[in-house]
Amino acid sequence: MPAAVVSSPGGDVPEFEGKVTVYVIICVIIAAFGGLMFGYDIGISGGVTSMDDFLKKFFINVYEKKQHVQENNYCKYNDTLLQLFTSSLYIAALLASFVASRVCTKMGRKPTMQIASVLFLIGVGFQAGGINKEMIVCGRLMLGIGVGFANQAVPLFLSEIAPAKMRGALNICFQLFITIGILVAGLINYFTSKIHPHGWRISLGLAVVPAFILLVGSFAICETPTSLIERNILDEGNATLKKIRGTDDVTAEFESLVAASEMARLVKNPFSKLMQPSSRPPLVIAILLQVFQQFTGINAIMFYAPVLFQTVGFGSNASLLSTVITGLVNVFSTLVSIYTVDWAGRRILLLEACVQMFLTQIVIGLILLIDLKTTGSLNHSEALIVVTLVCIFVGGFAWSWGPLGWLIPSETFPLETRTAGFAFAVSSNMLFTFIIAQAFLSMLCHMKAGIFFFFAAWILVMGLFTLFFLPETKGVPIDSMVEKVWKQHWFWKRYMVNVNEEEMKETVHPHVK
């Protein structure tokens with residue numbers, strides 16, 4: 001059903017006409033397949049790296065270590081090259097995000113998504129057809145570049161095409177499709193693990209499906225009005241705005257976008273603009289949200305869920321089945337976020353989840369510390385408790401730090417620094433995902449159960465940060481964030497004192513720092 005778009009309560013936030021049209025929903029679904037590509041890779045790599053056929057071909061030392069009768073529960077998968085297979089994607093995505101930022105600005109969000117899907121398809125070919133370590137790592141790097149482009153363009157596309165009152169729900173479709181990708185990967189791994197000796201090739205090769213859908217579907221969607229106006233394609237921008245809002249009465253929103261675009265053109269170097277004090281609040285929050293998102297420990301659990309469940313006593317197939325269970329929790333909890341984010345707000349979801357995730361990490365850590373020794377396993381009831389706690393943890397993450405870690409950075413930067421600022425968010429996400437992916441198995445080996453207390457401490461820190469430093473942004477039009485959010489916040493308003501002087505300096509002397 002269409003939803004009317006009105007301003008957030010209070011203040012002089014502009015009121016724009018419009019509704020959520022069928023065409024917007026189609027655009028959102030197609031673009032969100034960029035998230036499904038990412039999620040499928042997250043889910044598939046953890047399952048593949050626990051398959052014996054894959055390990056025998058590429059990581060024989062890890063395979064032999066697994067066969068030991070008295071294997072070390074915490075160290076049996078600790079192999080630097082095995083971790084590099086997973087984490088190499090994220091360092092490539094980190095570097096690609098800055099290139100994608102320029103492409104997003106100069107060519108638009110839609111072509112950036114098309115480039116992402118092509119690069120991803122090439123990477124899938126290298127991985128599924130890999131005959132040595134060099135090929136599969138090369139494939140991971142190509143996938144990483146594709147992910148960097150997709151993660152740069154898709155959240156911006158979703159935020160810019162959505163009406164202000166529905167921006168949270170529509171943007172979170174990106175995270176919803178990430179969770180669907182993880183779930184689908186878990187199901188596929190469960191069945192391909194029984195196909196010898198090339199089940200792992202099927203798992204990796206099926207990543208072509210979301211990439212192909214994004215590539216073909218992208219020809220049916222529009223460019224965002226913001227991007228068109230930013231590139232001075234005004235008539236098409238106005239026509240597109242009318243199409244996606246389902247009304248001809250878009251004059252107020254169109255003029256607001258034109259004004260923001262004219263201000264953006266005065267900024268010759270958006271990365272330099274990001275270093276100015278007035279850009280500090282959204283930049284700091286965007287980066288820290290990505291750091292915190294990774295240091296919840298979520299990717300450590302989702303990457304290596306099969307490893308984790310084997311560690312607590314499940315067999316190989318049972319561990320993949322447990323991954324499917326957590327995947328279902330992930331999907332349905334993200335639906336909770338879609339339903340609540342635009343009426344409950346961003347802060348309450350983040351704070352509630354911090355309490356939930358903190359408690360579950362502590363309890364999991366205590367159970368493993370007390371009962372899981374270097375060899376042996378937990379008894380059946382204890383293992384089920386760990387699985388239940390992991391599901392509770394995943395649920396808390398999926399309706400908070402997962403989707404909002406992408407939503408908030410995509411909605412808080414002004415147009416003149418939006419793609420550059422979001423590039424920092426994407427690159428920060430990929431950097432710390434790389435760090436966790438590369439270090440997790442070594443940390444598990446050395447810290448053992450203590451790794452869960454490590455992540456719990458980070459969750460405490462991020463809860464305090466949210467409580468004191470993260471403002472609420474629900475219902476505020478993107479181009480009203482400075483006036484309605486940053487200038488009203490007890491801490492961040494100090495960086496807004498000279499914002500008008502900065503704009504004047506940028507207008508008169510655009511190269512003066």
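User: What makes a set of residues a nonpolar core?

Analyst: A nonpolar core is a set of buried residues such as Phe, Met or Leu, joined through side-chain atoms within 4.5 Å. This model is predicted. Its largest nonpolar core has 87 residues. Phe 54, Phe 59 and Met 430 have the most contacts inside that core. Helix H1, residues 22–48, gives the most to this core, with 15 residues. Another core, of 49 residues, lies apart from it. Among its residues are Ile 172, Phe 295, Trp 399 and Phe 455.

User: Which residues does Phe 59 touch, leaving out those up to four places away in sequence?

Analyst: Phe 59 touches Phe 54, Asp 79, Leu 81, Leu 82, Phe 85, Lys 133 and Ile 136. Contact means heavy atoms within 4.5 Å.

User: What is the make-up of the protein in helices and strands?

Analyst: There are 25 helices and zero strands. Of the 513 residues, 62% count as buried. Take the contacts with a separation of 6 or more: residues 24 or more positions apart account for 81% of them.

User: Why is Phe 98 called partly exposed?

Analyst: Buried means under 20% relative accessible area, and exposed means over 50%. Phe 98 has 27%. That value falls between the two limits, so Phe 98 is partly exposed.

User: Why is the pair of Phe 98 and Phe 424 called edge-to-face?

Analyst: Two cut-offs decide. Ring centres must lie within 6.5 Å, and planes over 60 degrees apart count as edge-to-face. Here the centres are 5.4 Å apart, with 85° between the planes. Both conditions are met, so the pair is edge-to-face. The search of the whole structure finds 28 aromatic pairs.

User: How do you know that this pair links distant parts of the chain?

Analyst: Phe 98 and Phe 424 are 326 residues apart. Phe 98 is in helix H4, residues 80–106. Phe 424 is in helix H22, residues 418–447.

User: Is Phe 453 buried, partly exposed or exposed, and what makes it so?

Analyst: The relative accessible area of Phe 453 is 25%. Buried needs under 20% and exposed needs over 50%. Phe 453 is therefore partly exposed. Its place is in helix H23, residues 450–469. Phe 453 touches Ile 362, Gly 365, Leu 366 and Leu 369, not counting residues up to four places away in sequence. The C-alpha atoms of Phe 453 and Phe 358 are separated by 8.9 Å, with their positions 95 residues apart along the chain.

User: What makes an empty space a cavity, and how many count here?

Analyst: In a cavity a 1.4 Å probe fits but cannot get out. Six cavities of 30 Å³ or more are counted. The largest cavity has a volume of about 270 Å³. It is lined by 21 residues, and Phe 16, Arg 245, Glu 253, Leu 257 and Ile 478 are the closest to its centre. The lining divides into 11 nonpolar, four polar and six charged residues. Helix H13 gives the most to this lining, with three residues.

User: Why is the space of about 320 Å³ called a pocket?

Analyst: A pocket is an open set of points, with protein on both sides within 12 Å along at least five of seven lines. The space of about 320 Å³ is the second largest pocket. Its lining has 16 residues, with Thr 105, Lys 106, Glu 230, Ala 264 and Val 267 nearest its centre. H4 gives the most to this lining, with four residues. By class, the lining has six nonpolar, three polar and seven charged residues.

Methods
Residues are numbered from 1 along each chain as its sequence is written. This is a predicted model: local features need pLDDT of at least 70, side-chain atom pairs count only at pLDDT 80 or more; totals for chains, interfaces and linings use all residues. Side-chain values use heavy atoms; hydrogens and water are left out. Buried means under 20% relative accessible area, exposed over 50%, partly exposed in between (1.4 Å probe, protein chains only). Helices (H or I, at least four residues) and strands (E, at least two) are DSSP runs, numbered from the N terminus. On a 1 Å grid over the protein atoms alone, a cavity is a set of points where a 1.4 Å probe fits but cannot get out, and a pocket is an open set with protein on both sides within 12 Å along at least five of seven lines; lining residues have an atom within 4 Å of a point. Grid points are joined across faces, edges and corners, and a volume is the space filled by probe spheres set on the points. Ala, Val, Leu, Ile, Met, Phe, Trp, Tyr, Cys and Pro count as nonpolar, Asp, Glu, Lys and Arg as charged, and the others, Gly among them, as polar. Rings of Phe, Tyr and Trp (its six-membered ring) pair if their centres lie within 6.5 Å; planes under 30 degrees apart count as stacked, over 60 as edge-to-face and the rest as tilted.
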